Amino acid sequence: FIETNAVITSIAFSPDGRLLASGSSDKTIKLWDVASGRELRTLSGHTERVWSVAFSPDGQMLASGSRDQTIKLWEVSSGRELRTLSGHTDWVMSVAFSPDGRMLASGSYDTTIKLWDVSSGRELRTLSGHTDWVWSVAFAPDGRLLASGSGDGTVRLWGIR
């Protein structure tokens, strides 16, 4: 097992299963080698706890959502921060890449879901309809639907394409 000194709030395997990313209460993301359990690197840049981590489908990028109201995109091979996405007005609870890796969805305490263009970092649109925090977002395998789960007790399906 892997041991840290922080509360682990989210974990995600890389698509090839060789890496594990963990987001935590200490404001960092750690990348771990699954075979050895060895920590490979720590990604620092968020100013509050990290609530969610997700690998891109090709495994080259990692997205993280934080209590600091931002999403960060990271280059997995170097640990370098590629960009910060800002637009939510409260904690970012969940992030998910579309199956083609071109879009990122984020769910927030502000009751909205935002869709982002990964290559430019531009906000594509905001999905509104939940009346409480959005805890979780997930794309369907074909990328045409996005599901969101909320504290309002509903799961909503959104047509994306």
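A strand here is a DSSP run of E with at least two residues, and strands are numbered from the N terminus. With that in hand, select Val155: its place is in strand β15. Keep in mind throughout that you're looking at a predicted model.

**Stop 1: around Val155**

Is Val155 buried or exposed? Val155 is exposed, because its relative accessible area is 65% and the exposed class begins over 50%. Now add Leu145 and Leu157 to the selection and switch on a surface. Together with Val155 they make up a nonpolar surface patch, whose accessible area comes to about 310 Å² in total.

Next, show the sheet as a cartoon. It is an open sheet of three strands, ordered β13-β14-β15, and the pairing is antiparallel. The edges are β13, at 134-139, and β15, at 155-159, each of which pairs on one side only. On average, neighbouring strands in this sheet are turned by 20 degrees against each other, direction ignored.

Zoom in on β13 and β14. Strand β14 covers residues 145-150 and runs antiparallel to β13, with five bridges joining the two. To land on one of those bridges, pick Ala138 and look across to Ala147 in β14, its bridge partner.

**Stop 2: the four-stranded sheet**

Jump back towards the start of the numbering and select 8-13 and 39-44. These are β1 and β4, the edge strands, and each pairs on one side only. The whole thing is an open sheet of four strands in the order β1-β2-β3-β4, with antiparallel pairing. From one strand to the next, the twist averages 20 degrees.

Now hide everything but β3 and β4. Strand β3 takes in residues 28-33 and pairs with β4 in the antiparallel sense over five bridges. Which residue of β4 is the bridge partner of Ile29? That's Leu43.

While you're here, show the side chains of Lys30 and Glu39. They meet in a salt bridge, at 3.7 Å from N to O. Lys30 counts as buried because its relative accessible area is 16%, with the buried class being anything under 20%. Glu39, at 34%, is partly exposed.

**Stop 3: β7 and its two partners**

Select residues 70-75, which is strand β7. Five of its six residues are buried, so this strand is largely enclosed by the rest of the structure.

Bring in β6, residues 61-66, on one hand. β6 and β7 run antiparallel and are joined by five bridges. Among the residues to label is Leu62, whose bridge partner in β7 is Trp74. Then follow the backbone through the turn: the β6 and β7 hairpin has three residues between its strands, and Gln69 takes a positive phi near 75 degrees there.

Then bring in β8, residues 81-86. β7 pairs with β8 over five bridges too, in the antiparallel sense. Click Thr70 and look for Ser86 in β8, its bridge partner. What links β7 to β8, and which turn residue has a positive phi? The two strands form a hairpin with five residues between them, and Gly79 in the turn has a positive phi of about 80 degrees.

**Stop 4: charged pairs by the hairpin**

Stay put and turn on side chains for Lys72, Glu75, Arg80 and Glu81. Glu81 forms a salt bridge with Lys72, where the closest N and O atoms are 3.2 Å apart. Lys72 is the buried member of that pair, given its 7% relative accessible area, while Glu81 is partly exposed at 31%.

Glu75 and Arg80 give you another salt bridge, at 3.7 Å from N to O. Here Glu75 is partly exposed at 24%, and Arg80 is partly exposed at 46%. If you want to hunt for the rest, a search of the whole structure finds five salt bridges.

**Stop 5: Lys114**

Finally, select Lys114, in strand β11 (residues 113-117). Is this lysine buried or exposed? Lys114 counts as buried, because its relative accessibility is 8%. What does its side chain touch? Draw two distances to find out: a polar contact of 3.2 Å to the side chain of Glu123, and a polar contact of 2.9 Å to the side chain of Thr126.

Conventions. Residues numbered from 1 in each chain as written. Predicted model: local features only at pLDDT ≥ 70, side-chain atom pairs only at ≥ 80, totals over all residues. Heavy atoms only, no water. Pairing = 2+ DSSP bridges. Axes fitted to C-alpha atoms, helices over the stretch in contact; angles between N-to-C directions. Salt bridge = Lys/Arg side-chain N within 4 Å of Asp/Glu carboxyl O. Buried < 20%, exposed > 50% of the residue type's maximum accessible area, 1.4 Å probe, protein only. Patch = residues over 30% accessible without salt bridge, like charges linked within 9 Å, V, L, I, M, F, W, Y side chains within 5 Å. Areas by Shrake-Rupley, 256 points an atom, 1.4 Å probe, with all protein chains shown as cover. Polar contact = N/O pair within 3.5 Å; in protein donor to acceptor, adjacent residues only side chain to side chain.
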